[in-house]
Amino acid sequence: MEYRQLPHGTAAEKFSVIGLGLGGIGQTPADEIEAIIRKAIDHGINFFDLCTAGATYAPLGRAIAGKRDKVFLQMHFGAVYNENGEYGWCRDFDTIKKTFLWELETMGTDYADFGFLHCVDEDADFDKLCEIGVLDYLKELKAQGTVRHIGFSSHTPSVANRILDTGLIDMMMFSINPAYDFEKGDDYGIGSVGERFALFRRCAKEGVGISVMKPFFAGQLLSAEHSPFGQALTHVQCLQYALDRPAVLTAVPGVQTMEHLDQVLRFLSATEEETDYSVVGSFTADTISGTCVYCNHCQPCPAGIDIGLANKYYDLALAGDRIAANHYTKLSVKADACLQCGHCDSRSPFGVNQTARMAEIANYFAQE
């Protein structure tokens, strides 16, 4: 398992790149929920998103007993549960507070690693959460240590940018998959290609981590019949695609059964060929042509340049990320080593003129 550091966190706050989303697990028998969580932890998963059902909390608490300091819980202020434990969406302060305290008690913990403004997809959602005092409550809880970090979940770049403007955010949960990113998704795939990628780069620049929801587009990308592209991707390809976006620390695919968990865990033993998602370039030529998405399918470079990484650091540096600019200077082979042979141009699935990009990147950093 690979682990990634939370930029605004302590040295111990390193998250497994594969986490678990528990949104659909509430109907699973309690003993199986506990077994799934235990197996996930045994295989190195330490990050769990708790937009779930009421029935999840007790078995989750049993599974993490004695291991609380080894796992990270993302808890949502605005996700609530009725008397049957069914999930609901709420904008009532007292209900939100009561739910959070019940969640802590039921799991046997006294803190949340992340307190999230839940499902803030419209400006009115954010306005309401501020108006009723939820954001102030989160700030109080953070000051007390009951919440370690403040974050939010959203599907909307413009709203996400507004929340980031507060300067309070350490983590954002966002929907990332090829269908959403390339304007082939449903109503939740909001924002143009440029808007979404600019948001990811902003998070990287400002040290805000991203946890990824909906990496499989609710399973549709795994089926040629249901995929908006008419061709299926694999679990591994979708996960690698999400993990390659700037600022992403962990992807949290949903699981309901042990079989689902096993499918996700196959990522840990996947080969480079199996994680290669460059076929996406043939799906999205109308929206992505000429844009490097850092897939490195144009490798190997005869000069030894890591073309995807050079592009990523350059894009982030253009967005003002000084850390990324510094990382570029540490590359063992930089863009100025380009032989202009055109090998990468012929192999880029997204039609990127990488030889021109290498010259552009080399010129930019030569003037820094």
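What span should the 15 residues of helix 3 (residues 93-107) cover at 1.5 Å a residue, and how far apart are its end C-alpha atoms? The structure is a predicted model. In that model the expected span of helix 3 is 21 Å, and the end C-alpha atoms lie 21 Å apart, so the two values agree.

Helix 3 also has a clear division of its residues. Ile96, Thr99, Phe100, Glu103, Leu104 and Met107 are buried. Viewed down the helix axis, the buried residues fall within an arc of 130°, so they line one face of helix 3. Asp94, Lys98 and Glu105, on the other side of the helix, are exposed. The buried residues pack against several elements. Among the helices, these are helix 2 (57-64) and helix 5 (134-144). The strands are strand 5 (72-77), strand 6 (79-81), strand 8 (112-117) and strand 9 (147-154). Just after helix 3 comes Gly108, with a positive phi of about 75°.

Strands 5, 8 and 9 belong to an open sheet of eight strands. The strand order is 3-4-5-8-9-10-11-12, and the pairing is parallel. Strands of a sheet pair through backbone hydrogen bonds, either parallel or antiparallel. At the edges of this sheet are strand 3 (20-21) and strand 12 (248-251), each of which pairs on one side only.

Strand 12 pairs with strand 11 (residues 209-213) in the parallel sense, over three bridges. Within this pairing, Ile210 has Val248 of strand 12 as its bridge partner. Strand 11 also meets a helix. Helix 8 (residues 193-206) lies across strand 10 (171-175) and strand 11. Its direction is at about 160° to strand 10.

Technical notes:
Residues numbered from 1 in each chain as written. Predicted model: local features only at pLDDT ≥ 70, side-chain atom pairs only at ≥ 80, totals over all residues. Heavy atoms only, no water. Pairing = 2+ DSSP bridges. Helix = DSSP H or I, 4+ residues; strand = E, 2+ residues; numbered from the N terminus. Contact = heavy atoms within 4.5 Å. Axes fitted to C-alpha atoms, helices over the stretch in contact; angles between N-to-C directions. Expected span 1.5 Å × (residues − 1). Buried < 20%, exposed > 50% of the residue type's maximum accessible area, 1.4 Å probe, protein only. Arc of directions from axis to C-beta.
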